[in-house]
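Me: Please take a close look at one helix in this model. I want its geometry, its packing and its surroundings, in one connected answer.

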Amino acid sequence: MTAVAEQNTVNGIPAPEGSVTITVKIQRYNPEVDDAPHWESYDVPALPTDRVLNLLFNIKNYVDGTLSFRRSCAHGICGSDAMQINGINRLACKVLVKDLLAKDGKETTVTVAPIKGLPTLKDLYVDMEPFFEAYRAVKPYLITYGNEPTRERIQSAADRERFDDTTKCILCAACTSSCPVYWNDGSYFGPAAIVNAHRFIFDSRDEGSEERLDILNDAEGVWRCRTTFNCTDACPRGIQVTKAIQEVKRALLFKRV
């Protein structure tokens, strides 16, 4: 027989050597049994190199299988696990425990809640349909007219650079759900929709810029932006969201792309 070493655990969760116990405070909501969201706390062992997503998995796998949250690639590409971590919109797969630990040996509490401005369906996942409705409304695809070219559409490196930043959007909704205007009035297109419009408005191969600018010139379009920079701070891809919105405003003001 092979002897199996006894493993330390915290609340049934394996506690590897070098781990510390932190409290994860999660906003829970099950519409089938709850009248309103409430907070529940869990003591979880964590390594400094763990991500918040690892902690959520451990809670779900070892403590409470009813915990609900979205995730997919776990590498900061799919954008599925956007949530509020300590009150700030982040991707759970990109936030490391070492960046959240309290100093001077004090106990660490990490709060996790769903992103704001979108209806909560259960626990940490929200209804993304209003977000994607705004995204679809700005026509986020290449529009051309006339006959199809017989070869690829040529674009210079400088022309490509013009909209390179806004090609990085992963539609996580972190920027849009960090916007106070969007919280107060969900009819605002929101930063992510404008970013994806920008990506094609400034594409030299596209011929639909006027259509998109007309859409964004609406009362719920770019003019609702109050330039708080929340969206830029929240973007996990480092997109200069506020700058993109201002460039769309200038294109409308001066009728020049």
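Reply: pLDDT is the predictor's confidence in each residue, on a scale from 0 to 100. This is a predicted model, and its average pLDDT is 94. A score of at least 70 is reached by 96% of the residues. Residues 1-5 stay under 50, and the model gives them zero contacts beyond four places in sequence.

Now the setting. The protein has eight helices and nine strands. Its C-alpha atoms fill a box of roughly 75 × 45 × 35 Å along the principal axes. Of its 257 residues, 43% are buried. Take the contacts between residues at least 6 apart in sequence: 65% of them join residues at least 24 apart.

The helix to look at is H8, residues 241-254. Start with its length. H8 has 14 residues, so at 1.5 Å a residue it should span 20 Å. The C-alpha atoms at its ends are 20 Å apart, which agrees.

Next, burial. Buried here means under 20% relative accessible area. In H8 the buried residues start with Val241 and Thr242. Ala244 and Ile245 follow, then Glu247, Val248 and Lys249. Ala251 and Leu252 complete the set. An α-helix has 3.6 residues a turn, so residues three or four places apart point the same way. The buried list of H8 also holds charged residue types, Glu247 and Lys249.

What do these buried residues pack against? Four helices: H3 (157-162), H5 (191-201), H6 (209-216) and H7 (230-234).

Then the exit. Just after H8, Lys255 takes a positive phi of about 55°. Two residues elsewhere also have a positive phi of about 55°: Lys139 and Thr227. Neither Lys139 nor Thr227 is a glycine. Both sit in loops that touch on the partners of H8 in name. Lys139 lies in the loop between helix H2 (129-137) and H3, and H3 is one of the helices that the buried residues of H8 pack against. Thr227 lies in the loop between H6 and H7, and H6 and H7 are both among those partners. Lys139 counts as partly exposed because its relative accessibility is 26%. Thr227, at 33%, is therefore partly exposed too.

Last, the surface as a whole. The protein exposes about 13,800 Å², and carbon and sulfur atoms supply 48% of that area. It carries 31 positive and 34 negative charges, whose mean positions are 5 Å apart.

Notes:
Residues are numbered from 1 along each chain as its sequence is written. This is a predicted model: local features need pLDDT of at least 70, side-chain atom pairs count only at pLDDT 80 or more; totals for chains, interfaces and linings use all residues. Side-chain values use heavy atoms; hydrogens and water are left out. Helices (H or I, at least four residues) and strands (E, at least two) are DSSP runs, numbered from the N terminus. The expected span of a helix is 1.5 Å times one less than its number of residues. Buried means under 20% relative accessible area, exposed over 50%, partly exposed in between (1.4 Å probe, protein chains only). Contact means heavy atoms within 4.5 Å. Accessible areas come from the Shrake-Rupley method with a 1.4 Å probe; for residues, only the protein chains shown count as cover. The place of a charge is taken as NZ of Lys, CZ of Arg, CG of Asp or CD of Glu.
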